[in-house]
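Me: Could you take a close look at one part of this structure with me? I'd like to know what holds that part together, and please give me the cut-offs as you go.

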Amino acid sequence: MSINRRTVARSVRALGVASASAALALGLAGNALACDISEFSAEAKCDGDKGVITVTDVDPSGVPATVSVFLQNNGADLKKVGEQVVKGSREGVTITFAENWKPDAEYRVHVKAEGYVDEDIKPNLTTSSTACKKEEEPPAPSDTPTPSDSASTPAEETDTPTPTPSESESTAPADTASSAPSPASDDSNLAETGANSNTGLIAGVAVALVAIGGGAVFFGLRRRGASSDR
């Protein structure tokens with residue numbers, strides 16, 4: 001059985017068209033899978049007390065892409081944080097931007113791969129409401145007195161009047177004198193009542209003077225009488 005040349009030509013033509021269509025489809029699919037914005041993701045993290053922004057590329061074809069990060073302020077770029085080139089992989093390749101971000105800050109991440117993608121990662125990156133470095137809280141008030149308080153306490157106590165040793169010593173003899181008679185007071189009392197030891201001597205002298213006076217009077221009268229008899 002012979003095959004018609006026309007039939008063969010038609011079959012070859014149909015096969016060529018199918019192959020071309022398949023190649024075109026594969027080419028378009030390859031371009032579509034080579035690099036896409038959906039293969040990029042951004043995240044704000046903490047590296048100890050410092051903040052960082054990471055961008056991960058999971059493009060399996062490894063097309064080089066330039067990643068730029070911008071700090072936003074009211075929908076406009078405030079500053080450019082940095083720019084790096086990344087070549088993705090099926091497992092993912094991550095690049096890091098050192099940025100000490102503030103809580104609730106907004107960043108725009110732009111990806112550009114020549115001939116594939118030139119757009120931002122949507123939505124914009126918003127940082128956490130908690131900063132990486134926690135602010136130190138002021139110390140809570142304590143009931144324990146500080147050294148300055150304890151040092152000032154004796155000064156406050158000295159304001160209270162306390163008896164001095166000289167005052168206490170001078171008070172004690174005063175009480176003793178009031179409770180017991182002193183020797184001087186005994187002597188004065190005895191002198192007033194005539195019970196002193198000098199009373200006998202004074203009385204003897206007085207008697208002697210009286211006797212001498214009486215004798216003198218007696219002799220005087222006797223001499224006067226003798227003179228009158230003559």
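Reply: Let's begin with one residue pair: Thr66 stands opposite Val85 of β4. Before going further, please keep in mind that this is a predicted model, in which local features need pLDDT of at least 70 and side-chain atom pairs count only at pLDDT 80 or more, while totals for chains, interfaces and linings use all residues. Residues are numbered from 1 along each chain as its sequence is written, and side-chain values use heavy atoms, with hydrogens and water left out.

The Thr66 and Val85 positions belong to the pairing of strand β3 (residues 64–73) with strand β4 (residues 76–87), which run antiparallel and are joined by 10 bridges. Strands here are DSSP runs of E with at least two residues, helices are runs of H or I with at least four, and both are numbered from the N terminus; two strands pair if DSSP finds at least two bridges between them. The hairpin of β3 and β4 has 2 residues between the strands, and Asn74 takes a positive phi near 55° there.

β3 has another partner as well: 6 bridges pair it with β6 in the antiparallel sense. Within that pairing, Val69 has Val109 of β6 as its bridge partner.

β6 is a good strand to follow next. Antiparallel to it runs strand β7 (residues 117–120), joined to β6 by 4 bridges, and Lys112 is matched with Asp118 of β7. A hairpin with 3 residues between the strands is formed by β6 and β7, and Gly115 in its turn has a positive phi of about 85°. Strand β8 (residues 125–126) also runs antiparallel to β6, with 2 bridges between them; there Glu106 sits opposite Thr126.

Why is β6 described as largely enclosed by the rest of the structure? The answer is that 6 of its 8 residues are buried. Buried means under 20% relative accessible area, exposed means over 50%, and partly exposed lies in between (1.4 Å probe, protein chains only).

What fills the space around these strands? The largest nonpolar core has 25 residues, and Val67, Phe97, Tyr107 and Val111 have the most contacts inside it. At least two residues of this core come from each of β2 (50–57), β3, β4, β5 (93–98) and β6 (106–113). Such a core is a set of buried Ala, Val, Leu, Ile, Met, Phe, Trp, Tyr and Cys residues joined through side-chain atoms within 4.5 Å. Leaving aside residues up to four places away in sequence, Val67 touches several residues, including Val55, Val86, Ile95, Phe97, Val109 and Val111; a contact means heavy atoms within 4.5 Å.

Now for the charged side chains. Side chains of opposite charge can pair when their charged atoms come close. A salt bridge is counted when a side-chain nitrogen of Lys or Arg is within 4 Å of a carboxyl oxygen of Asp or Glu, and the whole structure has 5 of them. In one, the side chains of Arg108 and Asp77 meet at 2.7 Å, N to O. This pair links distant parts of the chain, with Arg108 in strand β6 and Asp77 in strand β4, 31 residues apart. Arg108 counts as buried because its relative accessible area is 18%, whereas Asp77 is partly exposed at 40%. Asp120 joins Asp77 and Arg108 in a network of salt bridges.

β4 provides a residue for another such link: Lys79 forms a salt bridge with Glu99, with the closest N and O atoms 3.6 Å apart. Here too distant parts of the chain are linked, since Glu99 lies in the loop between β5 and β6, Lys79 lies in strand β4, and 20 residues separate them. Glu99 is buried at 9% relative accessibility, and Lys79 is partly exposed at 40%. Lys80 also pairs with Glu83, their closest N and O atoms being 2.9 Å apart; Lys80 is partly exposed at 45%, as is Glu83 at 47%.

To place this part in the whole, the chain has 5 helices and 8 strands, following the pattern α-β-β-β-β-β-β-β-β-α-α-α-α along the sequence. Of its 230 residues, 19% count as buried. Among contacts between residues at least 6 apart in sequence, 59% join residues at least 24 apart.
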